[in-house]
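This briefing introduces a single protein to a reader who has not met it before. Please keep the sequence and the three-dimensional view at hand while reading.

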Amino acid sequence: MLIPCLACESRFVPDEYFRACSAYNRGLDLVLWTCPRCGNHDEVRVLPGELGFGYTRRGRFAVHDRVRVPGLRRHRADLRLDISLDKASWRVHSRVRQLA
Ligand SMILES: [Zn+2]
């Protein structure tokens, strides 16, 4: 399973991909992803079995593109998002308390 950067089309193994996530925004339920290759920033919603890419507009996040990641799971905590896939897991912390 390789996950693509939607900007440069580089593909990453899950560990490399999810380690590039930062700044979980609980209100909008998204993380910021920075491509290790091209530096592109994407806003990503981690969903069961898939990633949702989109845009924030007027305080809402709208998913426009989905990438299936079979077995992907997420657990929302107060100041972090825990992501797991197979036996691996990643923890994305909130940068600051953000208003929804
Ligand atoms: Zn890229």
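The points below proceed from the overall fold to the sheet, the core and a few individual residues.

The model is predicted. The protein contains 1 helix and 10 strands, and their order along the sequence is β-β-α-β-β-β-β-β-β-β-β. Five of the strands build an open antiparallel sheet.

**Overall dimensions and packing**

- The radius of gyration of the protein is 13 Å, which agrees with the value near 13 Å for a compact globule, because the chain has 100 residues.
- Along the principal axes, the C-alpha atoms occupy a box of roughly 35 × 30 × 20 Å.
- Of the 100 residues, 20% count as buried.
- Among contacts with a separation of 6 or more, 38% link residues that are 24 or more positions apart.

**The open sheet**

- The order of the 5 strands in the sheet is β3-β4-β5-β6-β7, and the pairing is antiparallel.
- Strands β3 and β7 (60-68) lie at the edges, each pairing on one side only.
- On average, neighbouring strands of this sheet are turned by 35° against each other, direction ignored.

**Strand pairs and hairpins within the sheet**

- Strand β3, residues 21-25, is joined to strand β4, residues 30-34, by 3 bridges, and the two run antiparallel. In this pair, C21 stands opposite W33.
- A hairpin is formed by β3 and β4, with 4 residues between the strands.
- Strand β4 also pairs with strand β5, residues 41-47, in the antiparallel sense over 4 bridges. Here W33 stands opposite D42; W33 of β4 therefore has C21 opposite it in one pairing and D42 in the other, as follows from how strands are paired by bridges.
- A hairpin also links β4 and β5, with 6 residues between them. G39 in its turn has a positive phi of about 80°.
- Strand β5 pairs in the antiparallel sense with strand β6, residues 50-57, over 4 bridges. In that pairing, L47 stands opposite E50.

**The nonpolar core**

- In soluble globular proteins, nonpolar side chains tend to be buried together.
- The largest nonpolar core of this protein has 16 residues, of which C21, V31, V44, V46, L81, I83 and V92 touch the most other members.
- At least two residues of this core come from each of α1 (14-19), β3, β4, β5 and β9 (80-85). Strand β4 gives the largest share, 3 residues.
- Which residues does I83 touch, not counting residues up to four places away in sequence? They are F18, V46, R74, S89, W90 and V92.

**Residues with a positive phi**

- Most residues other than glycine have a negative phi.
- A23 has a positive phi of about 55° although it is not a glycine. A23 is placed in strand β3, and A23 counts as partly exposed because it has 16 C-beta neighbours inside 10 Å.
- D29 likewise has a positive phi of about 55° without being a glycine. D29 is located in the loop between β3 and β4, where these strands form their hairpin.
- Why does D29 count as partly exposed? The reason is that D29 has 16 C-beta neighbours inside 10 Å, and a residue would need 20 or more to be buried.

**Strand β2: R11 and F12**

- R11 is found in strand β2, residues 11-12, and F12 also has its place in β2.
- R11 is partly exposed because 13 other C-beta atoms lie within 10 Å. F12 has 18 C-beta neighbours inside 10 Å and so counts as partly exposed.
- Apart from neighbours within four places in sequence, R11 is in contact with L2, I3 and P4. With those neighbours left aside in the case of F12, its contacts are L2, I3 and Y17.
- The C-alpha atoms of R11 and R37 are 9.6 Å apart in space, while the two residues are 26 residues apart in sequence.
- F12 and F61 are 49 residues apart in sequence, and their C-alpha atoms are 24 Å apart in space.

Note on methods
Residues numbered from 1 in each chain as written. Predicted model: local features only at pLDDT ≥ 70, side-chain atom pairs only at ≥ 80, totals over all residues. Core = buried A, V, L, I, M, F, W, Y, C linked by C-beta atoms within 7 Å. Buried ≥ 20, exposed ≤ 12 C-beta atoms within 10 Å, placed from the backbone. Contact = placed C-beta atoms within 7 Å. Axes fitted to C-alpha atoms, helices over the stretch in contact; angles between N-to-C directions. Rg over C-alpha atoms; globule rule 2.2 N^0.38 Å.
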